[in-house]
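Here are some exercises on aromatic contacts and enclosed spaces, each with a worked solution. Have the model open as you read, and try each task before looking at its solution.

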Amino acid sequence: MVTKPVSKARKSAPVKRKPTEVGTTKDKDKSFSPQAFEPKWQKKWEADKLYRAVIDNSKPKHYALTMLPYPSGDLHIGHWYAMTPSDARARFKRMQGYNVMFPMGFDAFGLPAEGAAIKHNIHPKKWTYANIERMRTQMRSMGAMFDWEREAVSSDPEYYKWTQWFFIQLYKHGLAYRKKQAVDWCPKDNTTLAREQVKGEDRVCDRCGTPVIKKELDQWFFKATKYADELLRFEGIDWPEFIKTSQTNWIGRSEGASVNFRVESNQSTVDSDQSVQNTDDWSLITVFTTRPDTLWGATFMVMSPEHPLVDKITTAENAEAVRVYKAEAEKQTDIQREAKDKEKTGVFTGGYAINPVNEERIPIWVADYVLMSYGTGAIMAVPAHDERDFEFARKFGLKITPVIQADGMELNGETMTEAYAHDGVMINSGAFNGTRATNDKGMKNPAIKAVIEYLEQKGIGKRDVNYRYRDWLISRQRFWGAPIPMVYCETHGWNPVADDQLPVLLPDDITEWKPTGESPLKFHPTWKNATCPIGGEPAVRETDTMDTFMCSSWYHLRYLSPHDDNAPFDDAEYNYWMPVDTYTGGSEHANMHLLYFRFFHKALRDMGITEGGEPVMQLRNQGMVLAKDNSKMSKSKGNVIAPDVLVKKYGADTVRAYLMFFARWQQGAPWDSHGIEGTARWMRRVWTLFTDPSTALRSAQGELITASADVKKNLRRRVHQTLKRVTHDFENFEFNTIISSLMELLNEMYKAREAGAAGTPEWNEAVEIYLKMMAPIAPHIAEELWTNHLGKPYSIHQQKWPQVDEAAAREDSIEIPVQVNGKVRDRIVVAVDASEDEIRKAALASEVIQKYLEGKEPRKVIVAHGKLVSVVV
RNA sequence: GCCGAAGUGGCGGAAUAGGCAGACGCGCACGACUCAAAAUCGUGUUCCCUCCGGGAAUGAGGGUUCGAUUCCCUCCUUCGGCACCA
């Protein structure tokens with residue numbers, strides 16, 4: 001192994017084929033032992049504050065951000081995969097002349113700390129901070145350019161003071177509110193969850209995988225839905241397409257109309273002058289539809305069992321059936337109710353509504369396929385054109401009236417076997433008959449547009465938009481989070497804690513955190529006692545803590561001035577560094593963190609705290625490092641790759657390089673332990689070549705081998721071609737091809753050395769450029785070779801990225817394949833600036849080509865300039 | 001079902017304003033060095049054949065083109081998101 005004693009490594013030093021190669025091999029420095037020099041440089045860089053990012057108006061800034069970790073205890077290979085390529089790119093940007101800030105911190109509040117508290121009887125704070133200390137050490141071993149003076153830890157009181165302050169700001173601006181409603185509850189974690197934190201068809205808790213249940217609770221929400229439309233706009237930001245579509249799907253905007261139906265009821269007289277706005281009156285029921293053009297086909301109405309008007313509409317003779325149905329629905333879980341393959345169920349209320357466009361009397365049913373949480377909780381059912389309504393109508397023998405059909409189609413409500421959900425022409429729709437309905441959604445569909453205008457004119461409906469997106473539920477019934485800074489008193493209700501009372505500290509003297517379903521803070525003997533900020537009466541604190549996604553919604557701002565006690569961030573720092581230029585991290589946060597912090601930034605902007613609508617200009621997501629069998633790595637499966645072990649064996653640089661090389665970074669791949677030998681070999685070959693004290697080679701006869709002009713020119717060309725490519729690939733996060741280009745160039749340099757190029761100016765330039773290109777990837781080796789072995793000025797990390805010499809990179813002559821009928825038959829070599837005619841002549845002059853032509857004139861000759869000649873016979 | 005991303009050797013992957021498919025590396029085989037092994041260095045490595053030379057091949061099928069991994073259509077598979085959302 002590379003750590004073996006020097007003598008042994010030396011004895012085996014190869015190079016028999018060039019007898020005079022290499023000067024003395026007694027030199028101790030020749031052994032390659034990154035374990036020795038890596039910590040040395042890490043300490044020196046830190047002592048010299050090499051990566052300290054301070055405002056410098058003479059330079060363009062670059063804020064490179066990578067997602068901060070939760071302090072789980074050990075840095076795993078996924079952290080390295082996320083962080084070290086991001087670090088390499090930040091370093092590249094720095095060498096390009098940017099003033100780069102690359103901060104790091106810890107997202108330190110969260111459930112696992114309480115789990116550990118229960119298991120080991122240790123305070124979550126103690127556990128968390130011990131983990132942070134450990135992970136800091138591990139992170140230092142990566143050799144990343146983190147500016148530790150900007151470190152932020154979300155569980156520090158100096159941090160969560162401002163998390164609480166932001167909550168209060170949101171509250172004061174009407175963007176935080178308390179509301180009782182049915183919310184998602186994880187029975188294992190014993191806390192409520194935001195909608196985004198409930199996943200998949202099984203509706204499981206994002207954190208622990210337990211199916212969630214619904215509970216009716218008073219909770220704090222952020223008014224994220226206010227920004228639904230703005231969050232759908234991604235103009236001006238460079239984010240991956242699939243994150244944008246994922247967020248777009250999540251927000252789920254539907255354009256359509258709300259329509260008012262009068263209810264005919266034995267308990268009321270219907271006032272026909274009811275206006276559209278008067279939806280509170282139970283004699284009007286409002287429905288939301290994306291297909292107002294099918295309104296004439298609405299032959300019945302369906303209400304959710306939870307709809308508040310159900311009981312008022314239900315007639316005496318149907319009351320018992322409705323009561324039973326509602327009770328059944330209540331018993332079922334969401335999963336049971338929302339299972340798509342479930343057969344439709346429902347009961348008739350006995351009540352009737354009037355279809356406002358044709359005055360038809362339609363029955364009102366109750367069915368659980370209509371959800372109270374979307375739209376108005378009531379729908380107009382158009383069985384002819386909606387699959388679900390069709391199924392329901394057939395099952396219960398309800399009327400089906402087709403109102404749209406394609407040309408040449410004869411739809412019959414009695415006999416049709418499925419809903420017709422496509423384009424066509426409106427029928428059975430009074431004055432609208434003949435209007436063309438396209439497959440377009442919303443106002444782009446001429447039929448929908450025409451009907452909405454009609455509804456608005458008649459005052460029976462209006463254009464409307466609905467979203468899947470819900471407000472962000474941020475209350476958590478857990479201990480280890482930022483306390484929600486609100487107090488409640490009988491007289492003045494809920495009020496925020498005064499700013500000068502912040503932070504509301506978590507108590508250290510707590511012994512009970514068994515998950516009970518209520519916040520452990522509630523059981524602390526004195527903590528919850530407070531006085532009302534308005535009247536000074538005895539009051540109680542909110543004992544729930546905040547969703548930790550709240551902490552991570554603004555950490556990029558805290559990095560600006562992590563110890564500022566007067567403000568969440570310093571204005572001058574903000575004005576210089578924001579917005580974040582490049583953000584890297586996992587895509588699993590697409591609809592959570594990445595959506596929350598966009599919302600947060602917009603809210604801060606509207607409150608006058610920040611400027612600009614988006615926190616991050618460019619987002620890139622790394623893929624995942626999987627176990628060999630393509631499964632996720634997990635402690636329980638025992639298939640976790642520990643970076644510490646690899647670092648010990650190969651050194652950090654090799655691990656960094658391998659993580660950049662072994663897969664497409666944005667895609668990830670299953671881990672292959674053997675593969676790292678390839679990058680280890682590359683590092684050793686770099687070391688061997690660059691530490692060789694002999695600058696020139698001698699022949700067997702002892703004569704100095706000197707490179708020809710061609711060799712030198714070719715070397716220089718390859719160097720600048722590689723530089724061009726590496727620069728491009730760094731810019732585009734294509735790390736794997738950076739490494740392969742460098743490997744190729746190294747192979748070229750070995751050949752050039754054989755040919756006697758060592759020691760020439762071209763060689764020296766190649767070495768210099770090579771190390772600079774390597775510096776972002778393998779910062780320690782590059783520094784060791786640069787500063788120690790070549791004696792160049794410390795530090796390589798303060799050098800400028802080299803300029804591509806385009807003239808040197810250009811080829812003089814190129815080899816062009818010649819095809820006959822699409823098959824490559826010969827290659828010709830032409831000058832790079834040869835004219836099309838010259839290339840054509842050279843191609844046809846080829847003996848091989850002539851053979852294939854068999855004396856015939858080619859039908860066609862195509863010259864793709866600089867690329868290929870295609871001869872067609 | 002809808003939306004999105006992706007299918008290239010034994011493996012990770014290169015190459016797309018359409019132009020030499022398989023760069024670079026892993027693995028494997030053979031050779032050099034060695035008492036031997038490791039390390040190192042060199043050579044080879046998509047598949048098939050009658051091995052001189054030729055043919056086939058980038059998930060499958062079709063299309064456009066002198067020419068398609070790249071563009072278009074249909075389908076299959078994998079992965080992610082959403083899903084009784086009216």
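The exercises below go from ring pairs to charges over rings and then to cavities.

This is a predicted model, in which local features need pLDDT of at least 70 and side-chain atom pairs count only at pLDDT 80 or more, while totals for chains, interfaces and linings use all residues. Residues are numbered from 1 along each chain as its sequence is written, chains are lettered from A and ligands numbered from 1 in the order in which they are written, and side-chain values use heavy atoms, without hydrogens and water.

**Exercise 1.** Classify the aromatic pair of F92 and F730, and place both residues in the chain.

*Solution.*
1. Start with the rule: rings of Phe, Tyr and Trp (its six-membered ring) pair if their centres lie within 6.5 Å; planes under 30 degrees apart count as stacked, over 60 as edge-to-face and the rest as tilted. The count by this rule is 54 aromatic pairs.
2. For F92 and F730, the centres are 4.7 Å apart and the planes differ by 10°, which makes the pair stacked.
3. Now place them: F92 belongs to helix α3 (residues 77-95) and F730 to helix α21 (residues 709-731), so the pair links parts of the chain 638 residues apart. Helices (H or I, at least four residues) and strands (E, at least two) are DSSP runs, numbered from the N terminus.
4. Both F92 and F730 are buried (under 20% relative accessible area, 1.4 Å probe, protein chains only).

**Exercise 2.** Which arginines lie over the rings of W250 and Y750?

*Solution.*
1. The test asks for NZ of Lys or CZ of Arg within 6 Å of the ring centre and within 35 degrees of the ring normal.
2. At W250, the charged end of R468 sits 4.5 Å from the ring centre.
3. At Y750, R685 lies over the face, 4.2 Å from the ring centre.

**Exercise 3.** Describe the lining of the largest cavity.

*Solution.*
1. On a 1 Å grid over the protein atoms alone, a cavity is a set of points where a 1.4 Å probe fits but cannot get out; lining residues have an atom within 4 Å of a point.
2. The largest cavity has 20 lining residues, and L111, R207, R476, D547 and T548 lie nearest its centre.
3. Strand β6 (191-193) is among the elements giving two or more residues, and β6 gives the most, with 3.

Definitions and conventions:
Buried < 20%, exposed > 50% of the residue type's maximum accessible area, 1.4 Å probe, protein only. 1 Å grid on protein atoms, 1.4 Å probe; cavity = no way out; pocket = protein on both sides within 12 Å on 5 of 7 lines; lining within 4 Å.
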